[in-house]
Amino acid sequence: EINRLLINVPVNCLFEDWEGSLWVGTPIFGLKRIRDGAINTLYQSQGVPRYNHRLFKRKNGTILLGALNGYLYKYSIERESFTPFRRVGATTTYITAINEDNEGNLWIGTQTKGVFQLKGDLDIRYSLGDPHRSIRHVYSIFQDSKHRIWFATRGDGLWSFQKGRIRTFTTEDGLISNSIYNIYEDRDHH
């Protein structure tokens, strides 16, 4: 059954949890958890939004799911289900990226509303730039060893944020494309 699991199934996200289970987020066929050859599917009846898009594990072990409806969902191990725990921003926004900084704040990337920092009970929206060149669609968020927050975007290049300062990198700076899908730091901190 696992070999047929992903044939002709669109996949929004992949995630490996603390037990070595592989989570596969799909827009139509629920959220699948694969462990030891068995497949467990969580559907809307178990709190999984139809269009789940991003899974993320916080430093405290909590699994979060970001969805098209702008909500973050928290996974309950005991109930094996997700429950909405926070809406990002005042209007519906498609959550496309989640990361946690060294201070425990969540950074949420969206498809059209830019970036939000969830700091305690506050949702701080960052347009990250002037109105003529602001970040919109964020594919990925990463914090490097120097505590800079990096944002990979669709069409807006690569952005970094540190201590209130913003830097942008585009094809004008040598990137081969202004669409960046992911960011990682190597062991030499580059």
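Are Trp 23 and Phe 82 buried or exposed? In this predicted model, both Trp 23 and Phe 82 are buried.

**View 1. The aromatic pair of Trp 23 and Phe 82.** A search of the whole structure yields 8 aromatic pairs. One of them is formed by Trp 23 and Phe 82, whose rings meet edge-to-face, with 6.1 Å centre to centre and 85° between the planes. Because Trp 23 belongs to strand S2 (residues 22-25) and Phe 82 to strand S8 (residues 81-87), the pair ties together parts that are 59 residues apart in sequence. Trp 23 and Phe 82 also belong to one aromatic cluster, together with Tyr 75.

**View 2. Lys 74 and the ring of Phe 85.** Lys 74 is placed over the face of Phe 85, at a distance of 4.8 Å from the ring centre.

**View 3. A nonpolar patch on the surface.** Val 11, Leu 14 and Leu 22 make up this patch, and their accessible area together is about 240 Å². Leu 22 is located in strand S2. Leu 22 has a relative accessibility of 33% and therefore counts as partly exposed, a class that lies between the cut-offs of 20% and 50%. Strand S2 also holds Trp 23, which is buried.

**View 4. Confidence along the chain.** The chain has a mean pLDDT of 84, with 91% of its residues at 70 or more. Among the elements of the chain, strand S14 (residues 149-153) has the highest mean pLDDT, 94, whereas helix H1 (residues 2-5) has the lowest, 62.

Key
Residues numbered from 1 in each chain as written. Predicted model: local features only at pLDDT ≥ 70, side-chain atom pairs only at ≥ 80, totals over all residues. Heavy atoms only, no water. Phe/Tyr/Trp six-rings, centres within 6.5 Å; stacked < 30°, edge-to-face > 60°. Helix = DSSP H or I, 4+ residues; strand = E, 2+ residues; numbered from the N terminus. Buried < 20%, exposed > 50% of the residue type's maximum accessible area, 1.4 Å probe, protein only. Lys NZ or Arg CZ within 6 Å of the ring centre and 35° of its normal. pLDDT = per-residue confidence, 0-100. Patch = residues over 30% accessible without salt bridge, like charges linked within 9 Å, V, L, I, M, F, W, Y side chains within 5 Å. Areas by Shrake-Rupley, 256 points an atom, 1.4 Å probe, with all protein chains shown as cover. Salt bridge = Lys/Arg side-chain N within 4 Å of Asp/Glu carboxyl O.
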